Amino acid sequence: MRPGRTEGATSAQVQEALERFARFLESKDLRLTEARAAIVEAAMAREGHYPIEELIADLKQRGIRGSKATVYRTLPLLAEAGILEPAILAGETRSYETTFGRHHHDHLRCGQCGKVVEFEFEAFEILQREVATRYGFRLESHHHELVGTCPECLAKGADAPAPAEAVQPEPPAPASDPAVDG
């Protein structure tokens, strides 16, 4: 089994996702076509973060023939319906993560090698609810991605200089005052 693949979603979860998507599409005067249903099933079979190309490969492997354009048009609809969401990892904008029926989590990403650690931290959840309440917002979703350097990259680069943005510039030397130096 390839990374990112899972037998995880039960048939009941897939059915619930299909029903949710069908209701969502109906509210937009769209239909749940065979191709859209296959995309939902393929997305529900994945775990973790995946580029669109992997989802398209899954569809082909399942014998589903459809255009890339159909997949590209369907994914934003699935995101709007709350079945998946764009994964904003390593600056990628064309990867997704299936979220329907799965526990919420946040991400810790290594800025050097791209390693991603998924974590849950209740204090973040409490804080964001408090902040939203303080400003009168109804919180609907959020994305947390903490970027740093993983232990492996830290160990490899122990002798490497710190990144440029972390280096503090030398304070400028005081300008001489001709009246004082005179």
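Biologist: What makes β4 and β5 a hairpin, and which residue in the turn has a positive phi?

Modeller: In this predicted model, β4 and β5 form a hairpin with 5 residues between them, and Gly114 in the turn has a positive phi of about 85°. Strand β4 covers residues 106–110, while β5 covers residues 116–119.

Biologist: How do you know that β4 and β5 pair, and in which sense?

Modeller: Two strands count as paired if at least two bridges are found between them, and β4 and β5 share 4 bridges in the antiparallel sense, so the pairing criterion is met. Among the residues involved, Leu108 stands opposite Val117 in β5, and Arg109 has Val116 of β5 as its bridge partner.

Biologist: Why is the pairing of the sheet called mixed?

Modeller: The open sheet has 3 strands in the order β5-β4-β6; β4 runs antiparallel to β5, whereas β4 and β6 (residues 145–148) run parallel, joined by 4 bridges. On the β6 side, His107 stands opposite Glu145.

Biologist: What makes β5 and β6 the edges of this sheet?

Modeller: Each of β5 and β6 has a single partner strand, so one side of each is left without a neighbour in the sheet. Neighbouring strands of this sheet are turned by 20° against each other on average, with direction ignored.

Biologist: Why is β4 described as largely enclosed by the rest of the structure?

Modeller: A residue is called buried when its relative accessible area is under 20%, and 4 of the 5 residues of β4 are buried, so the strand is largely enclosed by the rest of the structure.

Technical notes:
Residues numbered from 1 in each chain as written. Predicted model: local features only at pLDDT ≥ 70, side-chain atom pairs only at ≥ 80, totals over all residues. Heavy atoms only, no water. Buried < 20%, exposed > 50% of the residue type's maximum accessible area, 1.4 Å probe, protein only. Helix = DSSP H or I, 4+ residues; strand = E, 2+ residues; numbered from the N terminus. Axes fitted to C-alpha atoms, helices over the stretch in contact; angles between N-to-C directions.
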